[in-house]
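Subject: Structure for your files

Hello,

Here is the structure you were going to look at. My notes follow it.

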Amino acid sequence: MMTVKQVSELTGVSIRTLRYYDEIGLLPPASHTEGGYRLYDDTALERLQQILLFRELEFPLKDIVRIVSSPDFDRKKALEQQIELLELKKQHLENLISFARGIKLLGVRAVNFSAFDTSKLDEYAKRAKEQWGNTPEYKELKEKESKRTPEEEQQLMERFMSLFAEFGELKGGSPESEEAQAMVKKLQSFITEHLYNCTDKILAGLGKMYAGGGEISENIDKVGGRGTADFAAAAIEVYCGK
């Protein structure tokens, strides 16, 4: 049995929150001491785990109370559903991170949010920023940036965009051609050398973003001609699918 203080220290959930969960019938303690202090057993801790997962998925407390208090509540099934939802959320975050990386690369000032669930955008953006800020790629990018002057940054951007002009010269052919695939390799190597380690997974995300519409796609088409963004994305998809 654990006291409310011990549970708080173990889980990071504040004592005030634990008390509130008890008050609304969400997490009643297993028992109380003679002095009236709450005590929690393993079953209560398992229930708290379920609650925290639902909260991570942004379920309202009133809905969580209803779900976990239902006589038909199946912990195993609920966990499977939570995993599926968390995977979807993870995918959404990864897409946002790739989108943000592309904005950084292309210097876009205005962002087209049409591809996103705007009702969740603020929360996802916050979490994406936190996750992206802790990645080795981000740290590598910032370190390399710190060694360049503003003029060098501008020159680097011009060189980066010139790669899409080269893609534009190839767009009349197949994205599976040796020339197109060599161009994708050149793009990946450029990003890795000057910005951050561009793995195939990261490159695949960038490709989706290039063809995602909005100002990013427009900027690529400006230097390579109409259809360049779609062609580059298709070539990247072939390359990363190998």
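The model is predicted, so please read the notes below as computed from it.

Helix H12

I begin with valine 238, which sits in helix H12, residues 228-240. Its relative accessibility is 26%, so valine 238 counts as partly exposed, the cut-off for buried being under 20%. Leaving aside neighbours within four places in sequence, valine 238 touches Pro175, Glu176 and Gln181. The C-alpha atoms of valine 238 and glutamine 181 lie 7.9 Å apart, although 57 residues separate the two in sequence.

The helix itself is 13 residues in length. From the first C-alpha of H12 to its last is 18 Å, close to the 18 Å expected at 1.5 Å a residue. Which residues of H12 are buried? They are Thr228, Ala229, Phe231, Ala232, Ala233, Ala235, Ile236 and Tyr239. The cover over these buried residues includes helix H8 (150-170), helix H9 (178-194), helix H10 (200-210) and helix H11 (214-224).

Aromatic pairs

Searching the whole structure gives five aromatic pairs. One of them joins phenylalanine 54 and phenylalanine 59 in a tilted arrangement, with 5.0 Å between the centres and 55° between the planes. Phenylalanine 54 is buried at 6% relative accessibility, whereas phenylalanine 59, at 23%, is partly exposed. Phenylalanine 160 and phenylalanine 164 also form a pair, this one edge-to-face, at 5.3 Å centre to centre and 80° between the planes.

Both phenylalanine 160 and phenylalanine 164 belong to helix H8, where they are four residues apart, about one turn of the helix. Phenylalanine 160 is buried, with a relative accessibility of 2%, and phenylalanine 164 is buried as well, with a relative accessible area of 0%. These two rings are part of one aromatic cluster made up of Phe160, Phe164, Phe167, Phe190 and Tyr210.

Salt bridges

The whole structure contains five salt bridges by the same kind of search. Three are described here, starting with aspartate 22 and arginine 38, whose closest N and O atoms are 2.7 Å apart. That pair links distant parts of the chain, since aspartate 22 is in helix H2 (residues 15-23) and arginine 38 is in strand E3 (residues 38-40), 16 residues apart. Is aspartate 22 buried or exposed? Its relative accessibility is 18%, so aspartate 22 counts as buried.

Arginine 66 pairs with aspartate 63, and here the closest N and O atoms are 4.0 Å apart. Both residues lie in helix H4 (residues 61-69), three residues apart, which is about one turn of the helix. Arginine 66 is exposed, at a relative accessible area of 55%, while aspartate 63 is partly exposed, at 24%.

The side chains of lysine 147 and glutamate 143 form another salt bridge, at 3.8 Å from N to O. Lysine 147 is exposed, with a relative accessible area of 64%, and glutamate 143 is partly exposed, with 46%.

Regards

How values were computed: Residues are numbered from 1 along each chain as its sequence is written. This is a predicted model: local features need pLDDT of at least 70, side-chain atom pairs count only at pLDDT 80 or more; totals for chains, interfaces and linings use all residues. Side-chain values use heavy atoms; hydrogens and water are left out. Helices (H or I, at least four residues) and strands (E, at least two) are DSSP runs, numbered from the N terminus. Buried means under 20% relative accessible area, exposed over 50%, partly exposed in between (1.4 Å probe, protein chains only). Contact means heavy atoms within 4.5 Å. The expected span of a helix is 1.5 Å times one less than its number of residues. Rings of Phe, Tyr and Trp (its six-membered ring) pair if their centres lie within 6.5 Å; planes under 30 degrees apart count as stacked, over 60 as edge-to-face and the rest as tilted.
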